[in-house]
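Q: I have a structure to look at and would like to talk through how its helices pack. Can we start with what counts as touching?

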Amino acid sequence: MAERRGDGRGTADVPDAPDATAVTDPTDVTDPTDVTDVTDVPGGGADAGEPRRGSVRPEEARAWGDLVATARRTVAEGLVVGTSGNVSVRVGDTVLVTPSGVPYDRLTPDDVTGVDLDGRQVLGTLVPTSELPMHLAVYRTTGARAVVHTHAVHATAVSTLVTELPLIHYMAAALGGPVRVAPYATYGSDELAENMLHALTGRSGCLLQNHGTLTHGTTLAQAYDRTAQLEWMCRLWLTASSVPGLAPSLLSREQLTEVAERLRGYGQRD
């Protein structure tokens, strides 16, 4: 799909086609977690009506480093190709988000991009992702602190076949229940954001028809893990469904409810 791309000197509509050349060795670029040059410079900011470009707060700088690392991970683990997909994290009332059309391995601390909950840019000069309406819709209606959107191959394939991912595995309970497919709408549109919100009702992840995935969480790590889990379940269902003459067994809603109860006590306790 196409995205609105910008570098602070103007924008252009460029197709988001897969481009292996966009993925380079991350060791060749600046570490986004190196924030020694980012200081909280007084002046400017939202109150002055202009983006705070050089006045990134320490907590925003740390969050930006985590966001870039997560975005790079989506490429490294095959969930996106080139600049497809996008990642965001909320810090207070500011949403840090990947900029449009910039390969993740080229992002540096100086590229921090942030908007307020109304979508007005308050940090940086790069144009935010064209999927900003989806990210903001999640933050306005849920308690999410991070959102990950990908074009994962198996999940996208499943989104073209069904209206809900069949209950092939009990980890669907970790996403709140059976994963729904949001009806197709043009990328970056308010219609897509609305369709996504319906599919997300009572869930922390959904599929976007002929498009990809979207998951959210209280942290970037949790949002990413949910994305990876969703892609894995889609791959599992496609694999099991491809065996000639056989159909995969599926779980019942009652079985999934039982798993959901068990998951509430899963993991280490503080």
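A: Contact here means heavy atoms within 4.5 Å. The model is a predicted one.

Q: OK, so which residues of α2 meet which residues of α4?
A: On the α2 side they are Pro133, Met134, Ala137, Val138 and Thr141, and on the α4 side Asp190, Leu192, Ala193, Met196, Leu197 and Leu200. By class, the residues of this contact are nine nonpolar, one polar and one charged.

Q: How do people describe two packed helices anyway?
A: Two packed helices are described by the angle between their axes and by the distance between those axes.

Q: What are those values for α2 and α4?
A: Helix α2 covers residues 132–141 and helix α4 covers residues 190–200. Their axes come within 9 Å and cross at roughly 45°.

Q: Parallel or oblique, then?
A: Oblique: roughly parallel would need an angle under 35 degrees, so α2 and α4 count as oblique to each other. The crossing of α2 and α4 is right-handed.

Q: Now α1 and α5. What is the angle there?
A: The axes of α1 and α5 cross at roughly 15° and come within 10 Å. That is why α1 counts as roughly parallel to α5. The crossing of α1 and α5 is right-handed.

Q: Which residues meet in that pair, α1 and α5?
A: From α1 there are Ala63, Asp66, Leu67, Thr70, Arg73 and Thr74, and from α5 there are Leu220, Tyr224 and Asp225. The contact of α1 with α5 has four nonpolar, two polar and three charged residues.

Q: Arginine 73, where is that found?
A: Arginine 73 is in helix α1, which covers residues 58–76. Leaving aside neighbours within four places in sequence, arginine 73 is in contact with Tyr224 and Asp225.

Q: How far apart are arginine 73 and tyrosine 224?
A: In sequence, 151 residues; in space, 9.0 Å from C-alpha to C-alpha.

Q: And is arginine 73 buried, exposed or partly exposed, and why?
A: Partly exposed, because its relative accessibility is 37%, and buried would mean under 20% and exposed over 50%.

Q: Switching to the whole protein, how many helices and strands?
A: The protein has six helices and ten strands. Of its 270 residues, 49% are buried.

Q: What share of the contacts join residues at least 24 apart?
A: Among contacts between residues at least 6 apart in sequence, 66% do.

Q: Last one: what area does the protein expose?
A: About 13000 Å², with carbon and sulfur atoms supplying 51% of it.

Terms used
Residues are numbered from 1 along each chain as its sequence is written. This is a predicted model: local features need pLDDT of at least 70, side-chain atom pairs count only at pLDDT 80 or more; totals for chains, interfaces and linings use all residues. Side-chain values use heavy atoms; hydrogens and water are left out. Axes are lines fitted to C-alpha atoms, for helices over the stretch in contact, and angles run from 0 to 180 degrees between N-to-C directions. Helices (H or I, at least four residues) and strands (E, at least two) are DSSP runs, numbered from the N terminus. Angles under 35 degrees count as roughly parallel, over 145 as roughly antiparallel, 65 to 115 as roughly perpendicular and the rest as oblique. A crossing is left-handed if the near helix is turned anticlockwise from the far one by less than a right angle, and right-handed if clockwise. Ala, Val, Leu, Ile, Met, Phe, Trp, Tyr, Cys and Pro count as nonpolar, Asp, Glu, Lys and Arg as charged, and the others, Gly among them, as polar. Buried means under 20% relative accessible area, exposed over 50%, partly exposed in between (1.4 Å probe, protein chains only). Accessible areas come from the Shrake-Rupley method with a 1.4 Å probe; for residues, only the protein chains shown count as cover.
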